[in-house]
Amino acid sequence: MNIGYCRVSTDTQNDDPQLDALKEAGCARIFSDVASGAKTERTGLKEAIAYARSGDVLVCYKLDRVGRSLKDLIDTVNTLKSKGIGFRVLTQQLDTTTPAGMLIFHVFGAIAEFERSLIQERTSAGLKAARARGRFGGRPKTMDQKKLSIAESLYKDGKTNVSEICKTLGISRATFYRNISAKAA
C-alpha cells in the first residue's frame, strides 16, 4: 500500500499540489505536517511511519519534504528500511524499493558520512588552535576570585543572609552554594 506524506512550512503555504500528486500516485492514506524543515518534531511523519507496515511504501512529493538534512533523510530511510517499508519520491523519481534507488541512497549516505568526518576534523583543529592562543570555550564563570572572597566574608560574618549576598553579587543561590562548597572541599 502507498502511504503519502506531505509537509508545508507555514499555514499560509498551500499543500494542494503535493496532495494532488500523492492521490494520483495511489496513496491510500496521506499524513501531513505544517512545520519548518528545520524542526525535528514532525508528528505527521511519525504517524505515517507508525501506520505503515512491512511491504508498504512511504511516498512524498519532494525529497526535502521528508528530511531536514541529508543525515536526517538517511536516518528516516534507514528506519523505514528496518521496518520493511519502501520510500518513493515523486518529483525526483527515486524509489528505494528498486536496486538503483538503494544505490543512490547508499551514495548519499557515503557523502553524508564523509561530510560529518570533515566537520569533526575542522572543529577539532579549530579548538586546538584556539587553545594554543589561550582561548577556551564554554560559558564564562559568574564567580571570579573577587566575588568569591566577598561572598565568603559576608557569609562567614553571619550578618547578611544568602538571598542578600546573591542579590548583591548578581548570582543565583545555586552558584553561591556550588562555589562556597567547592572552596570548603
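In the predicted model, Asp 33 touches Tyr 5, Cys 6, Arg 7, Val 8, Arg 42, Thr 43, Gly 44 and Leu 45, when residues up to four places away in sequence are not counted. Asp 33 has its place in strand 2, which spans residues 27–34, and with a relative accessible area of 7% this residue is buried. The side chain of Asp 33 reaches the backbone nitrogen of Leu 45 at 3.2 Å. Between the C-alpha atoms of Asp 33 and Thr 10, which stand 23 residues apart along the chain, the separation is 9.4 Å.

The strand that holds Asp 33 belongs to an open sheet of five strands, arranged in the order 2-1-3-4-5 and with mixed pairing. Strand 2 and strand 5 are the edge strands of this sheet, each of them pairing on one side only. Strand 1 and strand 2 run parallel and are joined by seven bridges, and in this pairing Asn 2 stands opposite Cys 27 of strand 2. Strand 1 also pairs with strand 3, again in the parallel sense, over four bridges, and here Ile 3 has Leu 58 as its bridge partner in strand 3. Strand 3 and strand 4, in turn, run parallel and are connected by four bridges, with Val 57 opposite Gly 86 of strand 4.

Strand 1 is mostly covered, seven of its seven residues being buried. Asn 2, Gly 4, Cys 6 and Val 8 point one way from this strand, whereas Ile 3, Tyr 5 and Arg 7 point the other way, and all are buried. In strand 3, Val 57 and Val 59 point one way while Leu 58 and Cys 60 point the other, and these residues too are all buried. In a regular strand, side chains alternate between the two faces of the sheet.

Within strand 1, Asn 2 is a polar residue whose surroundings can be described in some detail. Asn 2 is buried, with a relative accessible area of 17%, and its side chain reaches the backbone oxygen of Ala 25 at 3.1 Å. Beyond the residues up to four places away in sequence, Asn 2 touches Ala 25, Gly 26, Cys 27, Ala 28 and Arg 29, together with Val 57, Val 59 and Arg 88.

The largest nonpolar core contains 21 residues, of which Leu 58, Leu 63, Val 66, Phe 87 and Phe 105 touch the most other members. At least two residues of this core are supplied by each of strand 1 (2–8), helix 2 (43–51), strand 3 (57–60), helix 3 (70–82), strand 4 (86–89) and helix 4 (99–132). Helix 3 provides the largest share, four residues. In soluble globular proteins, nonpolar side chains tend to be buried together. Leu 63 is in contact with Leu 73, Phe 87, Val 89, Gln 92, Leu 94, Phe 105 and Phe 108, its neighbours within four places in sequence being left aside. Another core, of ten residues, lies apart from the largest nonpolar core, and includes Ala 151, Ile 165, Cys 166 and Ile 171.

Helix 5, which comprises the 13 residues 145–157, reaches 18 Å from its first C-alpha to its last, close to the 18 Å expected at 1.5 Å a residue. The buried residues of helix 5 are Leu 148, Ala 151 and Glu 152. Seen down the axis of helix 5, these buried residues fall within an arc of 100°, so they line one face of the helix. An α-helix has 3.6 residues a turn, so residues three or four places apart point the same way. Helix 5 is followed by Gly 158, whose phi is positive, near 80°.

A positive phi is also found at Gln 93, where the value is about 55° although the residue is not a glycine. Most residues other than glycine have a negative phi. Gln 93 lies in the loop between strand 4 and strand 5 (94–95), and at 70% relative accessibility Gln 93 counts as exposed, whereas Asp 33 and Asn 2 are both buried.

Notes: Residues are numbered from 1 along each chain as its sequence is written. Side-chain values use heavy atoms; hydrogens and water are left out. A nonpolar core is a set of buried Ala, Val, Leu, Ile, Met, Phe, Trp, Tyr and Cys residues joined through side-chain atoms within 4.5 Å. Buried means under 20% relative accessible area, exposed over 50%, partly exposed in between (1.4 Å probe, protein chains only). Contact means heavy atoms within 4.5 Å. The expected span of a helix is 1.5 Å times one less than its number of residues. The arc is that of the directions from the helix axis to the C-beta atoms. A polar contact is a pair of N or O atoms within 3.5 Å; within protein, one must be able to donate a hydrogen and the other to accept it, and residues adjacent in sequence count only if both atoms are side-chain atoms. Two strands pair if DSSP finds at least two bridges between them.
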